[in-house]
Amino acid sequence: MLEKEQILLIVYFIVIILFFVIFGIVFFVAFQRRKNKLIFDKLKAEQRYEDEIFKSKIEIQEQTLKNVSWELHDNIGQLLSTAVMHINIMGTSLEDKASESLQDVRKLVGDSLQEIRNLSKTLNHEVIQNIGLEQSIKVELKRFEKLNFLTPTLTVKGEEVYVDPKDEIILYRIIQEFFSNTIKHAEASKLDVILDYQSKSLNITIQDNGVGYDMKSVQANSGLLNMESRASLVNAKLDCVSSVNKGVRLTLSYPLK
């Protein structure tokens, strides 16, 4: 009888121990899940905060560019238009030889006026939204060609599809950043742009034939980081590949909605 009671007592203690062990495991698992959820929620909140900050910076930049565009178009453009008008008036009262020289000056001022108008279009996001991504790229490439910076080409594959105007602005600013880096640093003579409209994505490839750079030495390049940050806002995949003396190639894949 005593042995039976001892066995029951042992079983009772084993059950109690198992209960506490199982309770501890369940509590630990629940605690870990709760902890992981809090960490995940915190990371998501931080990411949302960073995205909002970056979006606010972009909105401020776009408004600043818009203001600069207005200044160029309305103020400087108006001054150059007035200069052209005065040159035309002066030309009527000069001899033929002097008038020809004055016409050269008129052409130079007129070209400058047109260049400022084209530049103002690329800075104003409302203009870009109105004319679309493809046409905006054409305007920029045509400007490079007229200024003899390099020889640009634009190839469009597939059938153009609708892209959210807000996303178009971000995609264009990424492209414009690449263009700016090419003009400033690449010493390139050619710039090739391909817009490839697929069923589920718009794939953009830009290649220059400039001096390139060592990928390892520019991991924290601010221009590249800006492009990557902008791409993440529209869920686009961005890849930039380069090597010394072999140019730079940017590929941007934007998912169509």
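This report walks through the fold, the sheet, a surface patch and the salt bridges of a predicted model.

## Overall picture

Let's start with the parts list: the protein has five helices and five strands. Reading from the N terminus, they come in the order α-α-α-β-α-β-β-α-β-β. The chain counts 257 residues, and 32% of them are buried.

How do the contacts spread along the sequence? If you take the contacts between residues at least 6 apart, 70% join residues at least 24 apart. On the outside, the accessible surface adds up to about 17,000 Å², and carbon and sulfur atoms account for 59% of that.

## The sheet

The five strands make up an open sheet in the order 1-2-3-5-4, and the pairing is mixed. Strand 1 (151-157) and strand 4 (237-242) sit at the edges; each has a single partner strand, so one side of each goes without a neighbour in the sheet. From one strand to the next, the twist averages 10°.

At the strand 1 edge, the partner is strand 2 (residues 190-197): the two run parallel and are joined by seven bridges. Within this pair, Pro 152 is found opposite Leu 191 of strand 2. Helix 3 (residues 125-146) packs on the sheet here, touching strand 1, strand 2 and strand 3 (201-208). The direction of helix 3 makes about 160° with that of strand 1.

## The other edge

Over at strand 4, the pairing is antiparallel: six bridges link strand 4 to strand 5 (residues 248-255). Lys 237 stands opposite Ser 253 in strand 5. These two strands form a hairpin with five residues in between, and Asn 245 in the turn has a positive phi of about 65°.

Which residues of strand 4 are on its covered face, and which on its uncovered one? Leu 238, Cys 240 and Ser 242 are on the covered face, while Lys 237, Asp 239 and Val 241 are on the uncovered one. That fits the usual pattern, because side chains in a regular strand alternate between the two faces of the sheet.

## A greasy stretch on the surface

There's a nonpolar patch on the surface, formed by Leu 9, Tyr 12, Phe 13, Ile 17, Val 21, Ile 25, Phe 28 and Val 29. Together, these residues have about 790 Å² of accessible area.

Take Phe 28 as a case in point: this residue lies in helix 1, which spans residues 2-91. Is Phe 28 buried or exposed? Its relative accessibility is 51%, so Phe 28 counts as exposed, the cut-off being over 50%.

## Salt bridges in helix 3

The count of salt bridges comes to two. One of them pairs Lys 138 with Glu 134, with the closest N and O atoms 3.6 Å apart. The two residues are four apart in helix 3, so about one helical turn separates them. Their surroundings are not alike: Lys 138 is partly exposed at 38% relative accessible area, whereas Glu 134 is buried at 13%.

The other pairs Glu 140 with Arg 143, and here the closest N and O atoms are 3.3 Å apart. Glu 140 and Arg 143 are three residues apart in helix 3, which again means a separation of about one helical turn. Both Glu 140 and Arg 143 are buried.

Terms used. Residues are numbered from 1 along each chain as its sequence is written. This is a predicted model: local features need pLDDT of at least 70, side-chain atom pairs count only at pLDDT 80 or more; totals for chains, interfaces and linings use all residues. Side-chain values use heavy atoms; hydrogens and water are left out. Buried means under 20% relative accessible area, exposed over 50%, partly exposed in between (1.4 Å probe, protein chains only). Contact means heavy atoms within 4.5 Å. Accessible areas come from the Shrake-Rupley method with a 1.4 Å probe; for residues, only the protein chains shown count as cover. Two strands pair if DSSP finds at least two bridges between them. Axes are lines fitted to C-alpha atoms, for helices over the stretch in contact, and angles run from 0 to 180 degrees between N-to-C directions. Patches are made of residues with over 30% relative accessible area and no salt bridge: like charges are joined within 9 Å, nonpolar side chains (Val, Leu, Ile, Met, Phe, Trp, Tyr) within 5 Å. A salt bridge is a side-chain nitrogen of Lys or Arg within 4 Å of a carboxyl oxygen of Asp or Glu.
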